[in-house]
Amino acid sequence: METRTAECRPFGQLKRGDSVDCITLRNGALSASILTMGATLQGLVVPDRAGEPADIVLGHDDPQVYLDHACYLGSVVGRYANRIAGGRFSLDGQPCQVDVNNGPNSLHGGTGGFHQRIWQVAGLTADPVPQVTLCLDSPDGDQGFPGQLRASATYRLHEDRLELLLEAVSNAPTIVNLTGHAYFNLAGQAAGRDISGHHLEIAADSFLPVDATAIPSGPPQPVAGGWFDFTRPRRVGAGLEGGGDPQLALGHGYDHDFVLRAGRQPEPTFAARLSEPESGRVVEVWTTEPGLQFYTGNFLPDGLPGKGGATYGRRGGLCLEPQTHPDTPNRPEFPPCRLAPGQIYRHRILYRFSSDAGA
Ligand code: BGC
């Protein structure tokens with residue numbers, strides 16, 4: 001049997017008329033399914049410590065469900081992942097107003113963000129590494145963002161890791177911040193267990209506290225000694241159940257950006273390690289960007305349809321989204337997100353898989 005394959009097949013049709021395809025990459029024990037809508041990581045099959053495979057990301061079987069519930073399951077989000085306060089910023093002295101879709105703020109590129117678009121398959125190959133490149137043209141003024149932007153998302157499935165390379169070029173000065181919005185549940189998307197039992201380590205000594213609308217409210221706050229201290233692996237549920245922390249109350253759980261120790265780097269560096277004790281599955285996230293949004297699926301609606309008859313609910317999955325810090329266009333103190341014409345925006349993310357021995 002071929003251990004490395006890459007194939008594209010029809011996935012389904014949206015009420016608005018578009019057809020959505022699904023690309024499946026296989027390499028040894030791993031497989032990844034990617035939709036042309038939103039360049040969405042729809043499935044990711046990884047073995048446990050005994051070699052038993054399970055799909056460890058949340059997703060839907062019907063493409064329309066992605067549009068009916070704006071949970072961004074597995075999608076590439078843009079043009080600006082995370083929030084921009086009031087959807088307003090100024091770029092080179094010019095005021096810009098982008099789509100506001102989350103209380104008073106703009107979230108993940110606005111109402112019709114990149115997660116809802118049909119991306120074009122620009123390259124599909126099984127050899128030497130199964131990979132697909134999807135491209136999206138975003139016109140000048142799209143959701144209020146200046147400049148005509150061409151974005152691409154390349155998924156490469158190696159024997160022990162999935163790489164997501166996000167790139168963009170613009171014909172005029174603009175801002176950009178792209179990330180992958182996978183919700184992980186290492187017990188398996190159909191296991192029916194929430195993510196409280198997962199253990200997490202984050203390579204960050206500080207995080208960004210937020211206001212009631214989830215916009216950073218002040219300078220980075222040290223994590224040492226508190227519920228945000230993931231400098232050593234700790235059970236995610238401890239903080240969720242611990243109560244009393246005003247930041248966890250404001251976020252309805254974890255929904256915060258961590259300031260990664262390594263900062264922005266040309267090559268991916270270690271950002272986080274997530275493990276699930278029962279299955280032994282481990283995923284490490286590596287990134288070239290300076291921030292990591294840790295989100296515990298606080299707003300996932302109960303009864304959300306999943307794959308193969310599974311249903312999800314609050315805390316059914318957790319996101320580790322590497323990115324530029326939230327509201328950077330209004331924060332000169334953060335590493336910038338401006339993209340000049342001729343410049344290439346490039347964000348590389350690695351998801352590395354392994355397993356832990358049992359206790
Ligand atoms: C945000 C959450 C938001 C979620 C949408 C996350 O990246 O931080 O606040 O609810 O995306 O599913």
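1. A polar contact is taken here as a pair of N or O atoms within 3.5 Å. With that cut-off in hand, and bearing in mind that this is a predicted model, the contact of Tyr-183 can be stated: a polar atom of its side chain lies 2.8 Å from an oxygen atom of the ligand. Taken alone, the ligand exposes 310 Å², and the protein buries 95% of that area.

2. Two further contacts to ligand oxygen deserve a place beside that of Tyr-183. His-108 brings a polar side-chain atom to 3.0 Å from an oxygen atom of the ligand, whereas Cys-71 takes part through its backbone, with an N or O atom lying 3.1 Å from a ligand oxygen.

3. Which residues are found around the ligand? They are Cys-71, Tyr-72, Arg-83, His-108, His-181, Tyr-183, Asp-255, Gln-293, Tyr-295, Phe-299 and Glu-321. Sorted by class, this shell has five nonpolar, three polar and three charged residues; tyrosine and cysteine count as nonpolar in that division, so the class of Tyr-183 and Cys-71 should not be read as a statement about the contacts described above.

4. The space that the ligand takes is the largest pocket, for which the computed volume is about 260 Å³. Its lining is made up of 16 residues, and of these Arg-83, Leu-107, His-108, Tyr-295 and Phe-299 lie nearest the centre of the pocket. By class, the lining of this pocket divides into eight nonpolar, five polar and three charged residues.

5. Apart from the pocket, how many cavities of 30 Å³ or more does the structure hold? There are four, and the largest cavity has a volume of about 50 Å³. The residues that line this largest cavity are His-60, Tyr-66, Leu-67, His-69, Ala-70, Cys-71, Tyr-72, Leu-73, Ser-75, His-115 and Gln-116. Its lining has six nonpolar and five polar residues, with no charged residues. Cys-71 and Tyr-72 are listed in this lining, and both are also listed among the residues around the ligand.

6. The loop between β6 (76-77) and β7 (83-84) contains Arg-79, and the peptide bond that leads from Gly-78 to Arg-79 is cis, with omega near 5 degrees. Asn-82 is also placed in the loop between β6 and β7, and this residue has a positive phi of about 75 degrees although it is not a glycine. A colleague inspecting the backbone may wish to view these two features together.

7. A second cis peptide bond runs from Asp-127 to Pro-128, where omega is near 0 degrees. Pro-128 itself is found in the loop between β11 (120-125) and β12 (131-138).

Note on methods. Residues numbered from 1 in each chain as written. Predicted model: local features only at pLDDT ≥ 70, side-chain atom pairs only at ≥ 80, totals over all residues. Heavy atoms only, no water. Near = heavy atom within 4 Å. Polar contact = N/O pair within 3.5 Å; in protein donor to acceptor, adjacent residues only side chain to side chain. Areas by Shrake-Rupley, 256 points an atom, 1.4 Å probe, with all protein chains shown as cover. 1 Å grid on protein atoms, 1.4 Å probe; cavity = no way out; pocket = protein on both sides within 12 Å on 5 of 7 lines; lining within 4 Å. Sits in = over half its atoms within 2 Å of the grid points. Points joined across faces, edges and corners; volume = space filled by probe spheres on them. Helix = DSSP H or I, 4+ residues; strand = E, 2+ residues; numbered from the N terminus.
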